[in-house]
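Trainee: I have a structure open and would like to go through it with you.
Mentor: Fine, put it up and ask as you go.

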Amino acid sequence: MNAREIALNILKDINIKGAYSNYSINKHLTNEISIKDENLIREIVYGVVENRLYIDYIISKASKIKLKKIHPTILEILRIGVYQMIFMDKIPDSAAVNEAVNLSKKHGHKGVSGFINGVLRNIARNKERFKQIDEKDNLNYLSIKYSYPKWMLKRWIDDYGYDFVEELCNVNNSKPLLNIRVNTLKINRNELLNRLKNYGYIVYETKYAKDGIVIENPTRITETEEFKQGFFIIQDESSMLVAQIANPKKQSNVLDLCSAPGGKATHMAQIMENQGYIKCWDIYEHKLNLINKNSYRLGINIIDTEIHDATKLDNRLIGQMDYCIADVPCSGLGIIRRRPEIKWNRKEEDINKLKEIQFKILDNAKQYVKPGGIIIYSTCTISKDENEKVIGRFLNENDDFKLLSFENLICDKRHMEESKNGYIQLFPHIHGTDGFFIAKIIKDL
Ligand SMILES: C[S@@+](CC[C@H](N)C(=O)[O-])C[C@H]1O[C@@H](n2cnc3c(N)ncnc32)[C@H](O)[C@@H]1O
């Protein structure tokens, strides 16, 4: 199977069956595939999903058949062809067309390769004209140019304004760099940086997170001895800030209410020097197994996993905890750079349901902390309804809880002004991290 055929199978999983991009890519990529092909597959898959609406806009200009009437597999073949023609300068149009025609002969019905050939050649001939977006309306223009559903953009524009959202969309369509968190229980950051440099990885320190490393060329990083020996875990810098901001003391009692796959819980354990107790809840057993696997690899033995729905109060734990981490389920609109399919799978109604679940989980967390105890509320989204508004409602209803400044706990103060008020909203185009929200709340003594 060649690279484009593998990309087609992955795209069918994502766009037709609604699969997550990272799971689907991992499922289809085997060790027999060369690094060059792997990179091509990733570029095509992410490129098509990220730019789907714009690509479809171009196809609809070039095709006599309406988009809705095109067979889903044929549409994916066309999208792969158009992506290469519009976004990949190194691939000649003729190669993109021929590869698409070959794919259609293998996967399509009789006669379909003529249709694909015709549409793609039409685009090759009229590329500059078809690339133009003939839209006067600002929202429609932005939606086509950056490939976003209009409801999503409208909410963001209401929250942050048009220019801000345009910059965000632009950066969201670029490739994010991989971040890893050093497991300081086993190695320090400098030593790991040196070891990775020796393999030829281009690495440097993260800006805000103490334990983070950025890797520019991370291919096969999880096959290194350093990964196998638990010297690091893959985690975005924004997510590393949760435990850094919690800053737990050794011997603390911690409850992570929504914990899988354990990125933040294992980081809490690391800061606690593997001393104390961390209870980790999640509603899925297979996800809790990931925490146990990660803890074992990282050499952590103070984590205890348990299936529990965090919206339900657990009377056994009332008033027991020094720290509660409420890293609640959310719309994920801050991680679109890594999972562009969120643009197409997420629905506006989800946000109303999620904000009630988020509030319920936070409202339960308040019961578990001791006087003077800390709750960290976090999400990987940029929607105010799920962030500032949930916190605002909680603080209004609970005057024995206050936001706590954490300005002193962030390595670099740039764009971190809100941290002195006890919360921070991170954005890809401002902070270079995922879109992420963190609030630090303390219960009165
Ligand atoms: C944002 S993720 C947590 C990521 C995790 N804290 C980490 O750092 O690796 C949210 C998690 O909440 C879990 N979840 C969803 N609803 C839940 C509920 N009602 N109670 C507990 N966990 C829940 C999901 O299965 C998911 O693993």
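**Ligand site and domains**

Mentor: A polar side-chain atom of lysine 264 lies 2.8 Å from an oxygen atom of the ligand. Keep in mind that this is a predicted model.

Trainee: And aspartate 309, how far is its side chain from a nitrogen atom of the ligand?
Mentor: An N or O atom in the aspartate 309 side chain is 2.8 Å from a ligand nitrogen.

Trainee: What about the backbone of cysteine 258?
Mentor: A polar backbone atom of cysteine 258 is 3.1 Å from a nitrogen atom of the ligand.

Trainee: How much of the ligand's accessible area does the protein cover?
Mentor: On its own the ligand has 600 Å² of accessible area, and the protein covers 86% of that.

Trainee: How many residues surround the ligand, and which are closest?
Mentor: There are 18 around the ligand, and the closest are Lys264, Asp282, Asp309, Ala310 and Asp327.

Trainee: What is the shell like by class?
Mentor: Nine residues of the shell are nonpolar, four are polar and five are charged.

Trainee: Changing topic. Where do the domains run along the chain?
Mentor: Domain 1 covers 3-132, domain 2 covers 178-234 and domain 3 covers 237-443.

Trainee: What separates the centres of domain 1 and domain 3?
Mentor: Taken over C-alpha atoms, the centres of domain 1 and domain 3 are 38 Å apart. The contact between them takes 11 residues from domain 1 and eight residues from domain 3.

Trainee: What area do domain 1 and domain 3 bury between them?
Mentor: About 830 Å², with 52% of it on carbon and sulfur atoms.

Trainee: Which residues of domain 1 lose the most area to domain 3?
Mentor: Val49, Glu50 and Arg52, which together make up 42% of what the domain 1 side buries.

Trainee: How many salt bridges are found across the interface of domain 1 and domain 3?
Mentor: Zero salt bridges are found there.

Trainee: And how many residue pairs are in polar contact across that interface?
Mentor: Three residue pairs are in polar contact between domain 1 and domain 3, with both residues at pLDDT 80 or more.

Terms used: Residues are numbered from 1 along each chain as its sequence is written. This is a predicted model: local features need pLDDT of at least 70, side-chain atom pairs count only at pLDDT 80 or more; totals for chains, interfaces and linings use all residues. Side-chain values use heavy atoms; hydrogens and water are left out. A residue is near a molecule or strand if one of its heavy atoms lies within 4 Å of it. A polar contact is a pair of N or O atoms within 3.5 Å; within protein, one must be able to donate a hydrogen and the other to accept it, and residues adjacent in sequence count only if both atoms are side-chain atoms. Accessible areas come from the Shrake-Rupley method with a 1.4 Å probe; for residues, only the protein chains shown count as cover. Ala, Val, Leu, Ile, Met, Phe, Trp, Tyr, Cys and Pro count as nonpolar, Asp, Glu, Lys and Arg as charged, and the others, Gly among them, as polar. Domain bounds come from an automatic or database domain assignment. Contact means heavy atoms within 4.5 Å. Buried area is the accessible area (1.4 Å probe) that two parts lose on being put together, summed over both. A salt bridge is a side-chain nitrogen of Lys or Arg within 4 Å of a carboxyl oxygen of Asp or Glu.
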